[in-house]
Amino acid sequence: MSEFTINTSLVSVVIPCYNHGRYLGKAIASVLGQSYGPVEVIVVDDGSSDNTREVAQSFGDRVRYVYKQNGGLSAARNTGIEHARGEYLVFLDADDWLYPAALETNLHHLQQNPCAAFVSGSHDKVFLDTQTKVGVIKTVNGNPYLYLLSEGNYIGVPASVLYHRWVFDEFVFDETLKACEDYDLYLNIARRWPILHHSGKVAAYCIHSTNMSADSMMMLEAALQVLKRQYSKLKTNKEREAYKAGRKYWK
């Protein structure tokens with residue numbers, strides 16, 4: 001880390017949770033254990049029937065608990081945005097966790113590039129069944145929008161992204177999408193503003209039997225649907241070529 005000094009703006013970490021109470025405590029603890037201090041934790045309970053409420057409330061006033069009727073992941077994240085007070089936002093799924101310097105690292109990059117809408121870092125895939133992990137480190141050369149079009153969702157895990165709050169004055173998560181809503185948001189933002197990416201690992205993506213991504217056909221259909229939404233917005237030959245490459249990539 002350089003001598004650059006991070007300002008002490010509040011970071012809001014939104015944790016949507018639907019029946020993942022068994023994982024939630026570790027996710028919350030990973031936020032409360034950050035090397036960067038000014039943080040608020042907002043757990044959005046998306047109509048859970050398990051012990052999500054009890055786990056969230058066991059942390060006392062260090063966690064704000066918000067209950068809503070079940071409406072899906074995008075709706076839960078958007079509810080978190082409405083309740084967030086921070087200048088920066090992170091969306092941490094209840095079964096993932098942040099590494100201790102995640103917020104400090106991403107803030108270091110974003111505050112040196114204030115025109116960027118968000119910064120993303122790399123992550124580990126952690127396989128619960130075997131207790132093994134695999135690093136996922138991507139290098140993005142050139143235009144990130146073209147990269148998102150042509151080579152898919154290189155970000156991979158939502159928790160690796162730190163957003164400026166002002167992004168959500170224009171964009172939110174599309175509640176009509178049942179999957180790949182993060183990919184849809186990244187594409188829309190990257191077309192509008194600069195975005196950043198770095199190779200430092202900031203989050204763990206927990207792999208288990210109930211991951212949505214385990215349904216490969218559903219994920220493929222959702223990814224192609226999201227990509228198709230960009231077609232009418234393409235303006236240059238490079239963008240059109242990247243779009244064609246992206247369809248081949250996903251298939």
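A residue counts as buried when its relative accessible area is under 20%. The legends below describe close-up views of a predicted model.

**Figure 1. Tyr 147 and Tyr 154 form an edge-to-face aromatic pair.** Tyr 147 has a relative accessible area of 13% and is therefore buried, since the limit for this class is under 20%. Its partner Tyr 154 is likewise classed as buried, at 4% relative accessibility. The ring centres of Tyr 147 and Tyr 154 are 5.2 Å apart and the planes stand at 90°, so the arrangement is edge-to-face.

**Figure 2. Phe 118 and Tyr 163 pair across distant parts of the chain.** A search of the whole structure gives 12 aromatic pairs. In one of them, Phe 118 and Tyr 163 meet edge-to-face, with 5.4 Å from centre to centre and 65° between the planes. Phe 118 belongs to strand 6 and Tyr 163 to strand 8, and 45 residues separate them along the chain. Phe 118 is buried, with a relative accessible area of 0%, and Tyr 163 is buried at 2%. Both residues belong to one aromatic cluster, whose other members are Phe 91, Phe 168, Phe 173 and Tyr 186.

**Figure 3. Charged side chains sit over the aromatic rings of Phe 173 and Trp 97.** Phe 173, a member of the aromatic cluster, has the charged end of Arg 77 over its ring, 5.0 Å from the ring centre. The charged end of Lys 26 is placed over the ring of Trp 97, at 3.8 Å from the centre of that ring.

**Figure 4. Strand 1 is largely enclosed by the rest of the structure.** Strand 1 comprises residues 11-17, and seven of its seven residues are buried, so the remainder of the structure largely encloses this strand. Val 11, Val 13, Ile 15 and Cys 17 point to one side of strand 1, while Ser 12, Val 14 and Pro 16 point the other way; all are buried.

**Figure 5. Strand 1 pairs in parallel with strand 2 and with strand 4.** Seven bridges connect strand 1 to strand 2 (residues 39-46), and the two run parallel. Within this pairing, Cys 17 has Asp 45 of strand 2 as its bridge partner. Between the two strands the chain passes through helix 1 (residues 21-32), giving a right-handed β-α-β crossover. Strand 1 also pairs with strand 4 (residues 88-91), in the parallel sense and over four bridges. Here Val 13 is opposite Val 90 of strand 4.

**Figure 6. Gln 131 and Cys 180 have positive phi values.** Gln 131, a residue other than glycine, has a phi near 55°. This residue lies in the loop between strand 6 (118-127) and strand 7 (132-136), and Gln 131 counts as exposed at 63% relative accessibility. Cys 180, also not a glycine, has a positive phi of about 60°. The loop that holds Cys 180 runs between strand 8 (161-164) and helix 6 (181-192). Cys 180 is buried, at 8% relative accessibility.

**Figure 7. Thr 79 is a buried residue of helix 3.** The helix spans residues 73-83. Thr 79 has a relative accessible area of 12% and hence counts as buried. Apart from residues up to four places away in sequence, Thr 79 touches Val 44, Val 66 and Lys 68.

Conventions
Residues are numbered from 1 along each chain as its sequence is written. This is a predicted model: local features need pLDDT of at least 70, side-chain atom pairs count only at pLDDT 80 or more; totals for chains, interfaces and linings use all residues. Side-chain values use heavy atoms; hydrogens and water are left out. Buried means under 20% relative accessible area, exposed over 50%, partly exposed in between (1.4 Å probe, protein chains only). Contact means heavy atoms within 4.5 Å. Two strands pair if DSSP finds at least two bridges between them. A crossover is right-handed if, with the strands pointing away from the viewer, the path from the first strand over the helix to the second runs clockwise. Rings of Phe, Tyr and Trp (its six-membered ring) pair if their centres lie within 6.5 Å; planes under 30 degrees apart count as stacked, over 60 as edge-to-face and the rest as tilted. A charge sits over a ring if NZ of Lys or CZ of Arg is within 6 Å of the ring centre and within 35 degrees of the ring normal.
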